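Work through these exercises with the sequence and the 3D view side by side. Try each task before you read its solution.

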Amino acid sequence: MADVTRDECDLLENYVLCWGVRGSMWTRKRPWDMNVGGFSEKTEPEDDRLARINALREKIMAPFLRLKHRLSGARAAKEHAFALYDFMEDIQLKGRIEQRETLLRQSGKLKQADEYRQLWQIVCSALEQCVYILDSAQMDIESFTQLFKLVLSSYSIGTIPVSLDRVTAGLIRAYA
């Protein structure tokens, strides 16, 4: 859902695992400069890969940093919900879910496609519930997160079992 290819994801993941990147290292201003090849000597192609890794980090982190900035002033539950919705719009989550559903449907994975089809509506419904119920109740982001998870857990993703979604026909033979 982060708009990166599998190869880009692997490149970034390997770097992060190699150097134990955690927490604030993701959001620091200066670029990462640890060697892509681990403890081996730096080479020019690795400098190019390091530039790609830093560009990927910025691409992935940009929406999260905007969300963090938006949440920094939020105190009411409604503000947290709106910030989260804006984040989902920012990363084009609805479109990405629809793309994934289409790919699953085209590859014959109909059950998973039906599950993905329900996700956007479930998340939006859960956010709406938080806004209607909690409205301007003052809370920190941790409390809102716990409540939002609780609301999400009340939903279930349902599909019609395959055996109930079809008609079976066969021949009946009479033996004398």
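**Exercise 1. A loop residue**

In which loop is glutamine 92 found? Then give the sign of its phi.

Solution. Keep in mind that this is a predicted model. Step one: place the residue. Glutamine 92 sits in the loop between helix 3 (77-90) and helix 4 (93-106). Step two: look at the backbone angle. The phi of glutamine 92 is positive, about 55°, although the residue is not a glycine. Step three: set this against the general rule. Most residues other than glycine have a negative phi.

**Exercise 2. A second positive phi**

Find where aspartate 135 lies, and decide how exposed it is.

Solution. Step one: aspartate 135 belongs to the loop between helix 5 (110-134) and helix 6 (141-153). Step two: its phi is about 40°, a positive value in a residue that is not a glycine. Step three: check the accessibility. Aspartate 135 has a relative accessible area of 32%. Partly exposed covers the range between under 20% for buried and over 50% for exposed. Aspartate 135 is therefore partly exposed.

**Exercise 3. The overall plan**

How many helices and strands does the protein have?

Solution. Step one: count the elements. There are 6 helices and 0 strands. Step two: read them from the N terminus. The order is α-α-α-α-α-α. Step three: ask how much is buried. Of the 176 residues in the protein, 29% are buried. Step four: turn to the contacts. Take those between residues at least 6 apart in sequence; 56% of them join residues at least 24 apart.

**Exercise 4. The two sides of helix 6**

Which residues of helix 6 are buried, and which exposed residues are on the face turned away from them?

Solution. Step one: check the length. Helix 6 has 13 residues and reaches 18 Å from its first C-alpha to its last, close to the 18 Å expected. Step two: list the buried residues of helix 6. These are Phe144, Phe148 and Val151. They cover an arc of only 60° around the axis, so they lie on the same side of helix 6. Step three: recall the geometry. An α-helix has 3.6 residues a turn, so residues three or four places apart point the same way. Step four: turn to the other face. The exposed residues there are Glu142, Gln146, Lys149, Leu150 and Ser153. Step five: find the partners. The buried residues of helix 6 pack against helix 3 and helix 5.

**Exercise 5. Helix 3**

Which residues are buried in helix 3?

Solution. Step one: Ala77, His80, Ala81, Ala83, Phe87 and Met88 are buried. Their arc around the axis is only 160°, which puts them on the same side of helix 3. Step two: compare the span. The 14 residues of helix 3 should span 20 Å, and the end C-alpha atoms are 20 Å apart, which agrees.

**Exercise 6. Leucine 104**

Is leucine 104 buried or exposed?

Solution. Step one: leucine 104 lies in helix 4. Step two: its relative accessibility is 13%. Buried means under 20%, so leucine 104 counts as buried. Step three: leave aside neighbours within four places in sequence. Leucine 104 is then in contact with Lys109, Gln112, Ala113 and Tyr116.

**Exercise 7. The largest pocket**

What is the volume of the largest pocket?

Solution. Step one: the volume of the largest pocket is about 460 Å³. Step two: 17 residues line the largest pocket, and Met1, Ala2, Asp3, Val4 and Arg100 lie nearest its centre. Step three: helix 1 (6-19) and helix 4 are the elements that give two or more residues to this lining. Step four: the lining divides into 10 nonpolar, 2 polar and 5 charged residues.

Definitions and conventions. Residues are numbered from 1 along each chain as its sequence is written. This is a predicted model: local features need pLDDT of at least 70, side-chain atom pairs count only at pLDDT 80 or more; totals for chains, interfaces and linings use all residues. Side-chain values use heavy atoms; hydrogens and water are left out. Helices (H or I, at least four residues) and strands (E, at least two) are DSSP runs, numbered from the N terminus. Buried means under 20% relative accessible area, exposed over 50%, partly exposed in between (1.4 Å probe, protein chains only). The expected span of a helix is 1.5 Å times one less than its number of residues. The arc is that of the directions from the helix axis to the C-beta atoms. Contact means heavy atoms within 4.5 Å. On a 1 Å grid over the protein atoms alone, a cavity is a set of points where a 1.4 Å probe fits but cannot get out, and a pocket is an open set with protein on both sides within 12 Å along at least five of seven lines; lining residues have an atom within 4 Å of a point. Grid points are joined across faces, edges and corners, and a volume is the space filled by probe spheres set on the points. Ala, Val, Leu, Ile, Met, Phe, Trp, Tyr, Cys and Pro count as nonpolar, Asp, Glu, Lys and Arg as charged, and the others, Gly among them, as polar.
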